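Please work through the exercises below with the sequence and the structure at hand, trying each task before reading its solution.

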Amino acid sequence: QVQLVESGGGLVQPGGSLRLSCAASTNILSIDAMGWYRQAPGKQRELVATINRFGRLNYADFVKGRFTISRDIAKNTVYLQMNSLKPEDTAVYYCNTDAPDSWGRGTQVTVSS
């Protein structure tokens with residue numbers, strides 16, 4: 001089972017930017033697809049963006065034009081560049097495969113003035 005560790009969260013002002021990192025324990029090209037998910041208190045976990053093994057990208061409507069998912073194959077790392085952050089982006093962000101069976105600690109993103 002692949003191990004994934006998220007990092008890069010923090011406190012930012014509305015309109016600010018953050019880059020999240022997801023370090024994988026295996027070659028990310030061996031994984032069919034990876035994605036970023038988020039969960040705000042009292043709400044369901046939702047899919048934010050995905051990148052498959054061929055580099056195909058998909059985004060949730062609420063982040064299109066603001067967030068970019070990318071990868072560094074040599075570093076076995078997937079990134080989420082988040083720009084133009086809004087208070088409603090506040091959540092714990094998780095990295096996982098397209099078929100998650102467990103979840104890590106995630107990384108907290110807080111967007112507030």
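**Exercise 1. Find out how the chain keeps its contacts and how much of it is buried.**

Step 1. In this predicted model, take the contacts of the protein chain with a separation of 6 or more, and 52% of them turn out to join residues 24 or more positions apart.

Step 2. Turning to burial, where a residue counts as buried under 20% relative accessible area, buried residues make up 41% of the 113 residues in the protein chain.

Step 3. The accessible surface of the protein chain comes to about 6,200 Å², and carbon and sulfur atoms hold 46% of that surface.

**Exercise 2. List the secondary structure elements and judge the overall compactness of the chain.**

Step 1. Counting along the protein chain gives 10 strands and 0 helices, so that the order of elements from the N terminus on reads β-β-β-β-β-β-β-β-β-β.

Step 2. The radius of gyration of the protein chain is 13 Å, close to the 13 Å that the globule rule gives for 113 residues, and therefore the chain is as compact as a globular protein of that length.

Step 3. For the extent in space, the C-alpha trace spans about 40 × 25 × 25 Å along its principal axes.

**Exercise 3. Trace the salt bridges around R38 and D89, and state which parts of the chain they tie together.**

Step 1. As a general point, side chains of opposite charge can pair when their charged atoms come close. The protein chain has 12 positive and 9 negative charges, whose mean positions are 4 Å apart, and the structure holds 4 salt bridges.

Step 2. Begin with R38 and E46, whose side chains meet in a salt bridge at 2.8 Å, N to O. R38 is buried, with a relative accessible area of 6%, whereas E46 is partly exposed at 30%.

Step 3. R38 also forms a salt bridge with D89, with the closest N and O atoms 2.9 Å apart. Because D89 lies in the loop between β8 (77-82) and β9 (91-97) while R38 lies in strand β4 (residues 33-39), this pair ties together parts that are 51 residues apart in sequence.

Step 4. D89 meets R66 as well, in a salt bridge of 2.7 Å, N to O. R66 lies in the loop between β6 (57-59) and β7 (67-72) and D89 in the loop between β8 and β9, so the pair ties together parts that are 23 residues apart in sequence.

Step 5. Check the burial of this last pair: R66 is buried, with a relative accessible area of 11%, and D89 counts as buried at 0%.

Step 6. Putting the pairs together, R38, E46, R66 and D89 are linked in a network of salt bridges.

Terms used
Residues numbered from 1 in each chain as written. Predicted model: local features only at pLDDT ≥ 70, side-chain atom pairs only at ≥ 80, totals over all residues. Heavy atoms only, no water. Helix = DSSP H or I, 4+ residues; strand = E, 2+ residues; numbered from the N terminus. Rg over C-alpha atoms; globule rule 2.2 N^0.38 Å. Buried < 20%, exposed > 50% of the residue type's maximum accessible area, 1.4 Å probe, protein only. Contact = heavy atoms within 4.5 Å. Areas by Shrake-Rupley, 256 points an atom, 1.4 Å probe, with all protein chains shown as cover. Lys, Arg positive; Asp, Glu negative; His and termini not counted. Charge placed at Lys NZ, Arg CZ, Asp CG, Glu CD.
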